[in-house]
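Work through the exercises below with the coordinates open, and attempt each task before reading its solution.

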Amino acid sequence: MTVYICLLIANAIALLISDFSHNGEKKQGKLLFILFVMIFLLYSLRSSSVGRDIAGYMETYIEAGKHDIFSLDYVYFENGYTFLINLCSNIGLPFQWFLVITSIITLLPIYYFIKFYSDDKVLSCLIYICYIFFEFNLTGLRQAMATSIVLLGFILLFNNKKLRLIKYILCVVLASTFHQSALLALIFIPFFYARNYKISIVFLVLIGLILLLFRDNIIKIIGSVADRDLDSDTGIYLGWNIIFLILSGVFFLYAASLHKSNYGLENASYMSLIKFGGDVKKFSINIILIEVFFVGLVVYFIFGFTTLLRATQYASISIIVLFPNALKALNYKDGMILKVLFVIYLLFFFVYNTLYGNNLDIVPYSFFWSN
């Protein structure tokens, strides 16, 4: 547990430095880099006992060395991940070095996502650490990489280069070869071209209410297509986390409403507004991410306590930039008060839910050489 507390302390110190120093933007970039190096080392140097699924992943990795590189049917994993472990295991790469590779694939897109789109990069890092993602990515290797590949798709989408939508789709398809739940990210596409986010959100809520009526059938169909046994009788999740997400969504909409978007381009899609750069691009990206976030909320309600609930991570991870950006939309005093309260909540959530709850067996932490 000590390494996690040290990481929290480092992030808290970084917050203080970034909030009370000159040249904050440049300093935040350096602090973000240092914090992610620490996270990378923590991910890469962990033993196989850290993370509920890691021991199983290691067994499969060792087994992969007994098969041909293109042998993909000896395990139930998706073909992309299976090919990766076949390749690494057959060239004699130890499992610990494989963890280094998975950590790079997982963390680099998250780092750049924060670096490019967050108005408070150090706070974004704290959200990543404290709110589920850090904990889950220590154990769910396949979905961790899949989520980050989807994030790479968003980065390519927002770069406004040629064929950006095609690049996004290719990233989603590639991510699905690591974890098939990544295909959920394809349903975000229509919202990239929305012209009025308020109408989009109302539409999403209405669609969500309608889909709830057919929830059991939807879960059974998805289970049949994915060839997985899903319990459609499992109840809808109404815990404190969904309440937090709903309140966050309302806050994001409120912050967006404070932005005076008088660009004379109200009939253009948010996707097309990105090309104008500056505040127009920043506002448009935030709106697209808010819509994606609300798609995740709707999916959250439909999937309930089924194992499909993990699929919402492709949408909910947008919170790591949405919350800091929404805080920046407030006046300085209100923003700082809410930021302090939010940081307190994050620290409590991490200590109570992650460290003491230890739902994914990341405590105690041990280095690989201590085994």
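Three exercises follow, on a surface patch, on salt bridges and on a network.

This is a predicted model, in which local features need pLDDT of at least 70 and side-chain atom pairs count only at pLDDT 80 or more, while totals for chains, interfaces and linings use all residues. Residues are numbered from 1 along each chain as its sequence is written, and side-chain values use heavy atoms, with hydrogens and water left out.

**Exercise 1.** Determine which helix gives the most to the nonpolar patch on the surface.

Solution. Begin with the criterion: patches are made of residues with over 30% relative accessible area and no salt bridge, like charges being joined within 9 Å and nonpolar side chains (Val, Leu, Ile, Met, Phe, Trp, Tyr) within 5 Å. Accessible areas come from the Shrake-Rupley method with a 1.4 Å probe, and for residues only the protein chains shown count as cover. The patch consists of Met1, Ile5, Ile9, Ile13, Ile17 and Tyr356, which together have about 550 Å² of accessible area. Helices are DSSP runs (H or I, at least four residues), numbered from the N terminus. Helix H1, residues 2–19, gives the most, with four residues. One residue of this helix is Ile5, and Ile5 counts as partly exposed because its relative accessibility is 32%, the class between buried (under 20% relative accessible area) and exposed (over 50%), with a 1.4 Å probe and protein chains only.

**Exercise 2.** Find which parts of the chain the salt bridge between Arg52 and Asp361 ties together, and classify the exposure of both residues.

Solution. A salt bridge is a side-chain nitrogen of Lys or Arg within 4 Å of a carboxyl oxygen of Asp or Glu, and a search of the whole structure finds six of them. For Arg52 and Asp361 the N to O distance is 3.1 Å. Arg52 lies in the loop between helix H2 (24–44) and helix H3 (54–64), and Asp361 in the segment after helix H18 (332–356), so the pair ties together parts that are 309 residues apart in sequence. Arg52, at 46%, is partly exposed, and Asp361, at 31%, is also partly exposed.

**Exercise 3.** Are Glu78 and Arg142 buried or exposed, and which residues form a salt-bridge network?

Solution. The closest N and O atoms of Glu78 and Arg142 are 2.9 Å apart, in a salt bridge. Glu78 sits in the loop between H3 and helix H4 (79–90) and Arg142 in helix H8 (residues 141–158), 64 residues apart. Glu78 is buried at 11% relative accessibility, and Arg142 is buried at 11%. Finally, Asp19, Asp120 and Lys339 are joined into one network by salt bridges that share partners.

Definitions and conventions:
Helix = DSSP H or I, 4+ residues; strand = E, 2+ residues; numbered from the N terminus.
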